[in-house]
Structure formats: C-alpha cells, structure tokens
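This report describes selected features of a protein structure for a reader who is new to the subject. Please keep the sequence and the model in view while reading.

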Protein chains: 2
Amino acid sequence: MNKIRIKSEFWEWYLDIVNDRLIPYQWGVLTDQIACSVPSHAVRNFKIAAGVMDGEFSGFVFQDSDLYKWLEAVGNSLGYEKNPELEARADEIIGYIAGAQEEDGYLNTYFQLKEPDKKWSNLLECHELYCAGHLMEAAVAYARGTGKTRLLGVACRLADCIDRVFGWEEEKLHGCPGHQEVELGLIKLYEYTEETSYLKLAFYFLEVRGQNSFFEEEFERRGRISHWTRGPVDEPNKYYNQYPYTYYNQFHAPVRHQTEAVGHAVRAVYMYGAMAKAAVLGRDEELFDACRTLWENIVQKQMYITGSIGSTPAGEAFTRDYDLPNDTNYSETCASIGLIRFSMEMLKAEPDSRYGDVIERALYNTVLAGMAVDGRHFFYVNPMEAVPEICEANPERNHIKTVRQEWYSCACCPPNIARTITDIQNLIYSVSGRRIYIHQYIGSEMEMKTEEGTIRISLEADFPWNGKVALRLLEGDGLYAEIALRVPDWCRACSLSINGVAVKEEVLDKEKGYIFVKRIWKAEDYLEWDMEMRPQFVQADRRVYYNAGKAAVVRGPLVYCIEEMDNGSYLYECRVDTECTPREEWEEELSGYYSLSLSAVRYQGRIQDKLYDRTLVHKKPVCLKAVPYFLWNNRGQGEMVTWIPVL
Amino acid sequence: MNKIRIKSEFWEWYLDIVNDRLIPYQWGVLTDQIACSVPSHAVRNFKIAAGVMDGEFSGFVFQDSDLYKWLEAVGNSLGYEKNPELEARADEIIGYIAGAQEEDGYLNTYFQLKEPDKKWSNLLECHELYCAGHLMEAAVAYARGTGKTRLLGVACRLADCIDRVFGWEEEKLHGCPGHQEVELGLIKLYEYTEETSYLKLAFYFLEVRGQNSFFEEEFERRGRISHWTRGPVDEPNKYYNQYPYTYYNQFHAPVRHQTEAVGHAVRAVYMYGAMAKAAVLGRDEELFDACRTLWENIVQKQMYITGSIGSTPAGEAFTRDYDLPNDTNYSETCASIGLIRFSMEMLKAEPDSRYGDVIERALYNTVLAGMAVDGRHFFYVNPMEAVPEICEANPERNHIKTVRQEWYSCACCPPNIARTITDIQNLIYSVSGRRIYIHQYIGSEMEMKTEEGTIRISLEADFPWNGKVALRLLEGDGLYAEIALRVPDWCRACSLSINGVAVKEEVLDKEKGYIFVKRIWKAEDYLEWDMEMRPQFVQADRRVYYNAGKAAVVRGPLVYCIEEMDNGSYLYECRVDTECTPREEWEEELSGYYSLSLSAVRYQGRIQDKLYDRTLVHKKPVCLKAVPYFLWNNRGQGEMVTWIPVL
C-alpha cells in the first residue's frame, strides 16, 4: 500500500478538528451521552439487538448507518494514526454489532427489533441494503486501518446472506435497494477480500435496476402501505418528488441507459460512483460511457458553483438542466461527498483535470461549509444565498437553516464529513504505470509504487491560499517517472521550474488538463509549480436564469460570499463592480483566511410608510468585504449572498 | 333598492365575456358536457342525491360549492339583465337541489351519498359548513335577481338545521367550520330575511373560533384519521403548512384578538369579511377594531403590488410580514376576491380611500389576470414573475402555471370570478346619510336613495385607461347631497371643475382620501374630475428583500409587466431606467390596452462551454415593451417579469 502523510497547515487543522472534536462528539451522540433534540440511540439499538441491554428500537429505519459511518471514519483515522483509546471504544462497539448479527448473517437492528417478520419486504423505502453497504465500507476501512477483521467478518457474513437472498436466479428475490449504497460496499469488500461473489452481486444490483417491476410488486404485496405515512398511498414514492416516481430512486431506466442525473441526489451519485468502479473492474466500456454521460450532465448542467448538487428539497433531488435556484436549493453536504467519490472513480479510470476540478470545487466549498470550524455544528443544506428572516418565514425556503445545527435526527451529513476528511489523502494523487498524477495540491509526503519502483515525494503548498507548490524527490533516485500536474480550471497562468530553472511552456507535454514532467529523477530534484491565484469574477451560463446579471467571486478553488456582519443588512441591494481589482487581506480569525474587498454600489431602499411607493433609489458607493463561502456563518447568523448582481 | 347600470366599455366587455362565455362554459363543465381532465360531476351529484339518477358521488368534498357559486353568478346576472333560458336552466338545477335536501334540512351531497353516518364529524377538513355558506350566498343572490324564493327556502331550512346542531347551548355541538364561509352566508341570509337567528348563529361561529378545543376533540373522536390521506396523522392539519396547525384555519386565537393575517389566505379573508359585516350589524367596536388591525396587516405588510395575497403554496397561505417572494408565491385569484369583499365591508362601514385603493388594485390586476380574455382559461395562482422552463422544472415553482388552464379539479377560482364580475356594480359607490361616496370609477348610471331623496347620476369614464371622469346629475334637482370622490393612491395630481368652472383645490373639503362636493344639485349639473394618469415607477418597502434594487411600472391602477414575446428571452437580464419617460401606445389587440415603452439595458449573458466562466457581461441598450399585468399570457406562453431591476 502507498503511504502518505498530510503536511498541510490547512488540512492538518481540519484533521485535528475531526479527530479531536468531531469523532469524539459523534461518539457522544451515538451513545446518547450528548443531549440532542432527538437522541440517536444508534449504539443502544445494537446493544439491545445483541441482548446485552433491554429496551426498544428507536430512530430511523436507517439509524444503523450512522454508527457504521462513524466506524469508517474511525478506521480511516486509526490507519493514519494510532489511538488505542479510540480503538478500544470501536472494538467494544464492534462486539455489539457482531453480537447483534443473526445466525444466517442478517443484520439490521430496526427489522430485528421492530418488524422481524418484515425483512426484505420494503426495499424501496427501508434502507436494509443501504445500511449493509455502509457496514461493508466501514469494515474495509477498519480492517485497513487496524488490521483487525472482526467487523470484516460481520460484513462478509451479511454480504453472504444478501447473496443468498438476491440475484438473478429464479428462486431469489429480484429486487435492488431503494437507496443505493450496497453496490459500493460490495465492490470495496471485493477489492479487499478478492471474493468475486461480492463483485458479481454488486453487478447484479446495478444491472437489475430499472429492468423489472419488483418495486411495484412489493408495493402491492405490502398492501400499498408506505413506511413513512403508515397508511396506503397511490403509488410508490407518492410523498417524494414531483417527477414520475421511478426517477426518485433512479429506476426509470436500466443504469447503463441513463443519461441524465435525476431524483434524490445522494442516491444518484452513490450509484454512479459504484457504476464507475464496477465498469473499471468489469472492463465494461458501455457502463463507463454511461458514467461519463451522467457526470457530464451533472457538472455541465446541474451543479452549483460550489460543487453542490440537488436543486430542490422536494425529494432532495436534481430537477432539470440549468435549474439552479440560489435561495431554494438543497445542495446537501452528503451529495457533494458522493460527487467527489464518483469523480474520484472517474479520475482513477481516466485522468482528466476536469474530474479533479470538480472534486476541488465540492471539497473546498460545500464539504467544508458543511461543518463549523468548531467541529460541532453542521449544515445539511448549503444555499447560495440566505436571509434569516426569509428562511424562517417562507416554507419554500424553510429547509435552509441560517445557523449550523448541533445534530440532526437524520444525521447523515456529519459522519459523512468525518469519513471524507479522514480519507482526504486518497484524493491527492493516483499512479498509472510510470505516471504519477497529482490531482489535489494538499501538502504531504507520499510514497508511491510505480511500475519502475518506489518513489517518495514531498509536496509543499499553502493551499488553498497560495498557488505556489513545490515538489521534491525524497526517494527514487535514478527512477524514470512522469509526474503529471493538474492545471486547475481557475488557473489562468502558470509556470514551472525544475531545480530552479524555468521551463518554457511550449516544451511541456500537456494532456487532458495535466502538464507532464517526464524524466529520470535524481535525489533532491525539485519542481516549483506556480498557479496564478487571483480573485476573479465568474458568470454562469445564460441558461441559469437565476444568475442573470450576476457574478460570483472566486479565488483559486474558493468561492466567496458576502455576509451581513461585514456589509450590513439588505445585501440584495448591493451590486459589484466586476472591473475592480479586489484587495486581498489575510484575516487571522477562524482558521485564517483571505478576505477580499470589492468595489460596489448599494441601491439603497427605504423603510416606507406605504408598502409600495414612488421609486427613490439612493445609489451609494460601498466597499464589500467577501469571505470564503466555506466559512460563512462561522461568525454569527446573518444574510449571505454568493451570486451578486453586477454593476 | 338602488339601481345601477354599467356604462363602461371596459366592464361591459368583461360582463359580456362572463355572461356569454364563462357562465355557459361553467354550465357545460358542471353538467359534464364539456370534457375536462377531471369531470366535475357537480350537477350529477345533486341529481343522484335527489333520486332522479343512479350513480355514485364524485369529486371533492366541497364539490357542491362549485354549483352554488355558479348559481350566485346567475342570480347576479339575472338581476342585472333577464335571460329566460338561463333562468330556466337554473330553476331546473334548483329543483334538484331542493330534491336532494333531507327532511331535517341537511344538504351536502358528499356526505349524503358517501358517508351518511359521518355528518358533522370532521368540521376541520370536510367543508359541510363551507358549502352551506355558498348555498346561502347563492340563494340570496338568486332571490334578489329573480324574486324567486325556492332556493332561499332550501338555504333557510339548511340554516335552521345548522342552528339546531351548532351553538353555545350545552346539548349542541360547539364546533365551527374548518373553512370559513358560512358566517358570511348566514349574515347575508339575515340581511335578506331579517331572521335574527341567522345573525346570532353567524356570531356564534365567529366567536367560538379559537375558544375551545373542538377540532382536537373531533380529531380524537375520528381516530386521528385525515380525510385527505385516509390514514392516521400526528395532528390536525398535519399535511398543510408548516406553522402551528391552528394557524392554517385561523383558530389560533379568538377572532377578536387576532392581529396578523395567518394561514390559508382564502379562509382568512372570507372570515375577516364576515367579521367586518358582523361588527357593523352588531355595533361591535372591538370586533371592528380587530378587522382594522387585520386589514392593515395585510395591505401594509403581506400584499403584493397586484393586490394578491398568500406568499406560499404550502397551505395556500400567508407567511410573515414582508415575505413576498415573486417566483414562488401563491396569490390565489379567490384570495384577492375575498380581500375585495373584506375591503368593501370595511369601506361601507368607514369610508377611507385606502379600502377603495386595495379593491381597485386587486380587481384590475389579480382578479382580471385570473381569466383569459377568451373567458375559458384561468389562473389559480398569479405569480409576480415566471419562466416557463423553471416552473416546469422546479418543484418550489411548479404550482405556477405559465399557461392559463381550462379548468381545475379544485375549481374554486373560475366561478368566483364569475360571481365577482356579475356583481361589479356593487363596488362602485355607497351612500351614507346625505353623502354619496364614489369608490370606483366605473362608467355607469346610478340611482341612489339618500336621506334627502333619490338622486340619479351618470358617471362617464374610460377607466382604467384614462383618469378623466365626468359626473352628471340626471335626477334629483334641488336636492342637497355631498358627493365624495375617491382620490386614488396612484394619483399625484387631480383637478375638479363644476359645470365647466375649475374649483380651486384649497376650497374643497377633503377627508380620508375623498374630496367632497357639497351642494344643492341642479339638473344637468356636471363635475369633471381629472386624475392624472401617467406611468410611474414604484418601489417596495426595503423589508421586502425580494424586491431590492427593483421597480415596478404602474399606470393608474394597473401594474405592468414585461413579457418574452415582446422583449425576447432571458428577461431577468433586463434593467429599467427609472429616469426615463415611458412612451404610451394604444394597442388594438385583445380587449385593447396601452402598452408602455421603457428605456432599459440588457446585461446579456452567454451560452457558455463551461457552466461557470469568466464574466463578460455585454451591456446592450434596449427598449422594453410593458403590458398590463392582467393581460399577461394572453398572447402565448413565455417569460414574464413584474419587478424589474433598476438601472
């Protein structure tokens, strides 16, 4: 296995938050030691199922997954750095999980405790396979991180159980999950154990989707009762989004024939990620083509500038091409995590800077925005703009919270952030033959096995604040290797020097958004790679109606926003001069950041005697202070705007 | 009774549409002779209940009210002008209605045919009293219009039945309607019949509201089953808006202690109108004060510039002060009709031009926008702006239709428009002692009984296109009368002459937005009253966040909008120069209208290779053509914007 050490002030700060605060905090929540508005009961459910505690199941039908995601983060974390106390805690919990597992491998505390005779009877709504998938991901992470295989054994037994129940064979159930995730879990389980039945089962779940009417049949079998309303409904998914109900869970067509991202955004990208992984493992070009098409559809037509997806809270879903409202969007943190994972699978299969661009966009904007700098408050929904009074008053905007919440009863996002940040090193590079692709400029020391041998490189960067990157060869003297550096989409000018000697641009190999340095490396060789990082104004494609006449401010990978506390109330009155040169200033507060000063004019309104009165707009030159979007709402509640009307 | 004859090209055109097209069209719908996506079955239900036809009930629980509202419009229409064929049709229907009524006076085809043992068991959701109220209004209109009292007898028997069931007495049910309307119906029935028990019962329904826990108790009695989901729900109104459920039907507080308009907008204004009427009849100052407070709250804080109300489709409801989104609003046509009726009750009780302003605003903008010029297509929802692609794609905007629909399964708005337009003459003036208040400048001949005697006046006006009005005394020579002319809020300058002699402004009496002409009138006396009617730009109070930096264009009472067919796609790119002097042009198409040409600049976007790219706004001077909002979407589907960013 390749080894990597993060050496980035920025990311070490976040890793510390996750390790020192988020993981312990989540432990407190999962074990009900931290008082939440809605107690988690996740650990308690397992203890009850394991017979070591009395009580009743409590929580959502997918409550188990919260604990699994926590264990995945713990596995990642322990793999990076030992922590005996944390490991002991995790081992104890794993004992309960193992104890809860039934003879035949079945494991899901909701059904075991609450509806033991209803297992596998409502695949559309009840998340059994979803939870199983998260168990598999956690088990692999924990085995990789600790070398311990007890959880892996549990996951394999559950996978075997699922394999006996589901499949193409006549006597098996021909269903697939309403919430995709088991596909990815099975593939990871296959990668780690090399047990081909898991890959085969993953393929089955992907392929059967949209090929039969299993969901309709099980709907009739259960008397058309919805798990969520406990009453009969007209059609499956009646209470979700407005589209034909098959779109919500992406079973409107066989997966390889799907061309547009539709339905619940998290389900979609979890599935696309599994499809990409499966396509590579199965050398399935057609399936991979479908992934390309879906990825292009998302990033060219359905993605926010912050790398978030899901334009509507109705079904937490995609809507249509170019429908990207700023004030009613969903943009779930988990969906961006899924998009990162999907993009990473694509990137590993066919390096192209555009995949890395999207990962960077989603990571530095939406994923980081999902958590407060205190590591204890979270956004589930990430709006492009918000006015607290409006979000409180208006039902179409009320899903948008303007203060990060302590925890959620449906607590998918916080543990998802934990497992993503603890796995951050795996986004940095990939190796293909003699090529080493550097995708993300995260300061680190990396040991990589190429076709030619082991190479060790240090990457020094003050990213995302500075575009200067230094790469230095630590080990691999005399080795031929082609180092590929991603040229980010925000980078308008760049320069490279090798051992202090500038390289002319025209002599550099370029391919799919990477520049290549091909040479036999010598110890202490160093590259200086300088990507110009200047504030820029960006506009959206005209077909995004909502952004007509507006611009966003970006600097490197970071999208900026303006906040009420810096600029006063009624931010919508402000218009920015896109001809101005923003002034950058380093701010020490929070985790430190560059703020930007922008020339602007405020079209100041009035508090009027009459609700509607003659116009009397007062135009007032103002200087707007913009801050990175990912840090918004860390200094108190207030208005926030990302897309600012241009002057 | 005072007599009035409409002599207005504008309104005669609308009266013709309603009489010649809308009323016959509705007849076709109600009798299932016109194919609709969802057949009405309203008449059929009555025939079945009357035993003259076999079959089952079909339609909503409030289906009866569609027919009642049609009969109210027919009553209005027949009162204005005889139409034996129409009267015969109505009489036949009235026969079925009478035939359907039970021995004890009960009448509601849904419960009679479908759930005969569940009468009065779900007042919150099931509209029995709502339908009864519409029957009462229809019965009074029909009796007034035709002198025939058969329907009135039915209504009285039903009112008596209700009186036996509901009231303060121990043995009666202590409930009130989930959808207010019976209060107004009972009061009108009292006014016509002078039967005081009806007024007493109306007071009971108003007063008991918010005073007990009847709705909660009946909810428990029916096993917490919702009529709408047919399954158990956590609390009454679970599936309506987000606020505490008592707000949706305005039973969060006793009505006389309510201070803000909340919940379902139609229910609210129907109730406020009844409260105002009851307060006057009962000389109840406290109750009237509550009406003033509620009215002020609506028009100062919760009303759109078009006189529409209801900021959210969630519960078709009010939200909070100043929350007036342009692209996700509800603004139901029926709610504006209710607001007009409420305002008219206030106006009759205490003349103040502001009531007339609101009536004018709602009437000339929202109510007329609710119907296409063909009289056969209708808007239920009246947005301030719309992009067809967005309304189709986005669930938070999907309630907004960008083409008027033929009919709705919940068909409240079209018959409401019919009964409002056929009753238009009753909005024009009111008499108080020796005073004649002219509220609306609708061309007409009016015969009015004042304290001093009968006076007959002709009002000539080319309203809403021209602000010049001529009043001429036709009868009443030698009579003293004080004619009060409303000075509309849009009027910045006005002048008056009496018999051709200009009157200096300073000698005119003014009070509450009216100017008074007090004199002993002579035959052929004439007043020329000229209200300057020029296009103006209007801005909203700053607290309406959504309208920051935007202006609306108005001309007289009419709000204007820009449409795609005149100005090209991507209307959001356009910014208007509020310093410009709009050019007016008379257009012959549709029913004829003034269009306005506005100087503007288009901040033109690009169809881009990348969804987000460097700004390159191209500013292009353009001339925008604006048309009256009430006529939008009469020339095809396309984008529409009312609040335009200012340059």
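The model shown is a predicted one. With a relative accessibility of 63%, E194(A) counts as exposed, because exposed means over 50%. E194(A) is placed in the loop between α8 (182-193) and α9 (196-208) of chain A. The phi angle of E194(A) is near 60 degrees, which is a positive value in a residue other than glycine. Most residues other than glycine have a negative phi, and most peptide bonds are trans.

A second positive phi, of about 70 degrees, belongs to Y322(B), which is not a glycine either. Y322(B) is found in the loop between α13 (285-302) and α14 (333-349) of chain B. Is Y322(B) buried or exposed? Its relative accessibility is 12%, so Y322(B) counts as buried, the cut-off being under 20%.

The peptide bonds also deserve attention. In chain A, F463(A) and P464(A) are joined by a cis peptide bond with omega at about 5 degrees. P464(A) belongs to the loop between β6 (453-461) and β7 (468-475) of chain A. In chain B, the bond from F463(B) to P464(B) is cis, and omega is near 5 degrees. P464(B) lies in the loop between β6 (453-461) and β7 (468-475) of chain B.

How are the two chains related? Two copies of a chain are related by a rotation about an axis and a shift along it. Here, chain A is superposed on chain B by a rotation of 180 degrees with 0.0 Å of shift along the axis, and the RMSD is 0.0 Å. This relation is that of a two-fold axis. The same surface serves both copies, since 100% of the contact residues of chain A recur in chain B. Among the residues of chain A, G231(A) comes closest to the rotation axis, with its C-alpha at 2.4 Å.

The helix α8(A), which precedes the loop of E194(A), packs against α12 (residues 265-281) of chain A at an angle of about 35 degrees, the two axes being 8 Å apart. The crossing of α8(A) and α12(A) is left-handed. On the side of α8(A), the residues in contact include L184(A), I187(A) and Y190(A), and on the side of α12(A) they include A274(A), A278(A) and L281(A). By class, the contact of α8(A) with α12(A) has 6 nonpolar, 1 polar and 4 charged residues.

Two open sheets, one taken from each chain, complete the description. In chain B, 7 strands follow the order β1-β5-β6-β7-β13-β9-β10, and their pairing is antiparallel. β1 (3-6) and β10 (501-503) of chain B stand at the edges with a single partner strand each, so one side of each has no neighbour in the sheet. Neighbouring strands of this sheet are turned by 25 degrees against each other on average, direction ignored.

In chain A, a sheet of 5 strands has the order β3-β4-β8-β12-β11 with mixed pairing. Its edges are β3 (429-432) and β11 (509-511) of chain A, each with a single partner strand, so one side of each is left without a neighbour in the sheet. For this sheet, the average turn between neighbouring strands is 25 degrees, direction ignored.

One strand pair from each sheet is listed below.

| Strand pair | Sense | Bridges | Opposite residues |
|---|---|---|---|
| β9(B) and β10(B) | antiparallel | 3 bridges | S497(B) and A502(B) |
| β3(A) and β4(A) | antiparallel | 4 bridges | Y429(A) and I438(A) |

Note on methods: Residues are numbered from 1 along each chain as its sequence is written. Chains are lettered from A and ligands numbered from 1 in the order in which they are written. This is a predicted model: local features need pLDDT of at least 70, side-chain atom pairs count only at pLDDT 80 or more; totals for chains, interfaces and linings use all residues. Side-chain values use heavy atoms; hydrogens and water are left out. Buried means under 20% relative accessible area, exposed over 50%, partly exposed in between (1.4 Å probe, protein chains only). Copies are superposed by least squares on the C-alpha atoms of residues with pLDDT of at least 70 in both. Contact means heavy atoms within 4.5 Å. Axes are lines fitted to C-alpha atoms, for helices over the stretch in contact, and angles run from 0 to 180 degrees between N-to-C directions. A crossing is left-handed if the near helix is turned anticlockwise from the far one by less than a right angle, and right-handed if clockwise. Ala, Val, Leu, Ile, Met, Phe, Trp, Tyr, Cys and Pro count as nonpolar, Asp, Glu, Lys and Arg as charged, and the others, Gly among them, as polar. Two strands pair if DSSP finds at least two bridges between them.
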